[in-house]
Amino acid sequence: MGTFDVPDIEYTRYSSRQLLAVPLAVLAVALLVLGGTFVMTGAPVPLGMDFAGGAQLTVQTTSADAEIQDAFTVEPDSIQAVQAPDVDNQYTIQFAGVEDDDVISDLATQAEANLAQDGDASIVQSESTASASFAEQAQQTALLGIAAAFVGMSVIAFLLFRTFVPSIAIVASAFSDMVIPLAFMSVADIPLSLGTVAALLMLIGYSVDSDILLNNHVLRRQGDFYESTHRAMRTGITMTVTSMMAMLVMGITASLFGVELLASVGIILFVGLAADLMNTYLMNVTLLRWYKFHGVRS
Amino acid sequence: MGPIAFVKEYWRFLLLVVFVTAALSALFVPGFAMGDDDVVLDEENQTVDENPTNLEYGLGLEGGARISAPPVGMTVSDLAIEHDEQNDVQSAVQQDLGLEPVDVTVRFHEEGNYFTIEVFDEDTTESEFAGALQAADVEVVEAGGEREVTGDDVENRVTQDTRDQMIETIELRINEAGLSGGTAYEEATLGGEHYIVTEVPGMTSDELHELLTDRGDVRVVAYHPGGENGTHTNDTVLTRNDMSQIGSASYDDRYGQHYVSVTVDDTSAEGERSPAEEYEAAMNEYGFTSQGVGQCTIQDRQADEFDFDHPEGDQQWCLLTMVDDDVVDAHPMGDDLAASMYNEEWSANPTFRMIVPTQQDAHSLAVNLHSGALSAPLDFDRDQQYSISPALADQFKEYSLLIGVLSILTVSGVVFLRYRDKRVALPMIATAMAEVVILLGFAAAIRMPLDLSHVAGFIAVVGTGVDDLVIIADEVMDEGDVNSQRVFESRFRKAFWIIGAAAATTIIAMSPLAVLSLGDLRGFAIITILGVLIGVLITRPAYGDILQRLLTDK
């Protein structure tokens, strides 16, 4: 059995500038990716059917991949075979960004007509459609939800610590924790869905956990800065790594089983928590160190 | 230690035991759940035996269909109408716009003491609507007085009363279709728009779509040669509102007829004719009870077709049964009925049979008559649909369980690797699981239908739960052994500050989702928030108690 030990970073060996360079560079790259995608496609991340209109079908058929590809008047964005135990010939098919509602509602009929039936199971096992106007409305609602959650979190952070630098460190880290997985989605071509929005909001909660822990140890307890940081890290990294592992397992199994909602929640949280490790223990620690040694006096 | 001291010292742990016990009984004791009124029904379907727990499953884990769509309609409010003019205004606007009676509704709202007019038709524009109101001399009441209606007064919405009626009608239709567990409700969007959401377990998307597309406006129309110069004309002689009693879909062996029997309302206000008398008079006036008896041949029953293209000389007296814009049946007045109407005897006992070609027609006619017409049609161009087969839903149920178990195992593995101390790790895992059990019990008790989004919530709760337990464990074991209760208490309090702060932020971050109508995500947010609350208030303090017992040398 292996061991799980929390690594020890020699913070004293690095200057603030060096420590901050890594998270800031990653954040900058992430923002560049999002900006670039926005310029090219009109949206910072690929929008799934929930937010762009379209359909998702789960079909049970003996037709081959190529036949599925050709079965519809609109070209599918993706066709994924479900790889669960005891399940064969099951596929999830995504169509995003379809504007015409008649086309959307016709997709299931086309599947019934053009795909080969597998035994006596019905061809269309699940159908989820959103019209363009419904999707647009969902998009606005989701944006408002994320904004409200972020503002609420910032207010709580300031109420808890009542000092500028430590509070802003929490807010900045949470921001970066959300931007990095968004950029990851853009690169890995994971469309934004209701599930990924839930994951992003959950990330706010998780991200703040470790930040509060760190701030609490450094600011509210007596003792040496490095000693406090080390203790907070031991607890914080255990927490984050435990959650990351749970999310990784959930993300992988759920995507194999074709349970889209759970898969996207798992994968996005995994990436976001990894970003959180970096942001908390490079960016926040540095900001707190500066605050502790220089900021308090001014 | 006396019992009181024991309770005083371990009350947090005891509270956890109480909650877990309550949750387990909510989950497994049959009939425990609140308002468990359909147990009898469940037994008929034998679902009680299949489901070992009291958990209710939502659409995604049970199979079924859901459609959300906004109603079609426009409203003008604050109109100057006298109470006795209501019907005149309604028919003036309806005729001006060339619509059916169901497409225009005048309402008086007692609470605000004002009138509204609604038009439920996709093709009518705002200015046409305003024009029709101007033509009918209806004005808007303003602070300064009354003024003419303009296109700006027309709002693109229907009233709350209309939406309430729609929901009622849809629920009646679901019940008439013989499916239990279906619901209809409304959801407000950010823009103040309202979507009507209908969910029916055990239906496919197409079936539900069909149930909702039909407006279900049933009328009897007289088709007779009473127009100008003897041309054939249509007159609506009976609507759903004129009927007081409606039977069920039936079959008459003797004549081989499918029918729904209907009683026409024979009550009336002082000095006015009852709907039954009106109908009788119209039948006599148009000649249905005299020269028109038995004179209707436009329906080809074999081919189920209607031929309105006959020569004018070929006179027809047909009673058309219409649903929305479709003719379902066309038949003449029979001898017996004609005689009793001719003698004005029928209106004293005003029942008749609405005959339709097939059993299917009889059934859908009965459904439409029972539920009434849908006040406004739904706009399917702006809809969202979801459906899942029961087989796939069952798969998802298994997967969720498997994914949940795998996640818990992973968490346990990591915790063991990290602490390598059973005294710390075992209670930690047990506590995290207790949290899920309490949450599941709570869901069973309030009969919350569980969906995939809730499962995601449960896993997120395990995640945050273990995070907090790690904080408690590390904090309490900080700087060597815990050898006195005082040290333990102080360290525990410090840990609790962090947990409380983190919980507060998670709740704040999740609350927009719990309030906003963003489909599946509401379930996720509600479970996460509940989980965090249960964790902070019950399970995590109890873990502190357990650790104290195990670590302090008592």
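Strands 12, 13 and 18 of chain B form an open sheet of 3 strands, in the order 12-13-18, with antiparallel pairing. Strands here are DSSP runs (E, at least two residues), and helices are DSSP runs too (H or I, at least four residues), numbered from the N terminus. Two strands pair if DSSP finds at least two bridges between them. Strand 12 (243–252) and strand 18 (351–356) of chain B stand at the edges with a single partner strand each, so one side of each has no neighbour in the sheet. On average, neighbouring strands of this sheet are turned by 25° against each other, direction ignored.

The model is predicted: local features need pLDDT of at least 70, side-chain atom pairs count only at pLDDT 80 or more, and totals for chains, interfaces and linings use all residues. Residues are numbered from 1 along each chain as its sequence is written, while chains are lettered from A and ligands numbered from 1 in the order in which they are written.

Two strand pairings can be set side by side.

| Strands | Sense | Bridges | A facing pair |
|---|---|---|---|
| Strand 13 (257–264) and strand 18, chain B | antiparallel | 6 bridges | B:Val260 and B:Met354 |
| Strand 4 (124–130) of chain A and strand 19 of chain B | antiparallel | 5 bridges | A:Ala130 and B:Gln384 |

The second pairing joins strands of chain A and chain B. Across the interface, 60 residues of chain B are in contact with 63 residues of chain A (C-beta atoms, placed from the backbone, within 7 Å). On the chain B side, the elements that give two or more residues are strand 19 (384–388), helix 12 (390–419), helix 14, helix 15 (485–515) and helix 16. That side has 36 nonpolar, 16 polar and 8 charged residues. Ala, Val, Leu, Ile, Met, Phe, Trp, Tyr, Cys and Pro count as nonpolar, Asp, Glu, Lys and Arg as charged, and the others, Gly among them, as polar.

Helix 14 (452–476) and helix 16 (521–551) of chain B also pack on each other. Their axes are 8 Å apart, at an angle of about 30°. Helix 14 of chain B is therefore roughly parallel to helix 16 of chain B (angles under 35 degrees count as such). The contact of these two helices has 15 nonpolar, 10 polar and 2 charged residues.

An unreviewed UniProt entry lists "transmembrane region" for residues 399–417, 424–446, 452–474, 495–515 and 521–539 of chain B. Residues 424–446 of chain B are 96% helix and 0% strand, with end C-alpha atoms 34 Å apart. Residues 521–539 of chain B are 100% helix and 0% strand, and their end C-alpha atoms lie 25 Å apart.

Definitions and conventions: Axes are lines fitted to C-alpha atoms, for helices over the stretch in contact, and angles run from 0 to 180 degrees between N-to-C directions. Angles under 35 degrees count as roughly parallel, over 145 as roughly antiparallel, 65 to 115 as roughly perpendicular and the rest as oblique. UniProt positions are given in the numbering used here, feature names are shortened, and annotations may be inferred rather than shown by experiment. Two residues are in contact if their C-beta atoms, placed from the backbone, lie within 7 Å.
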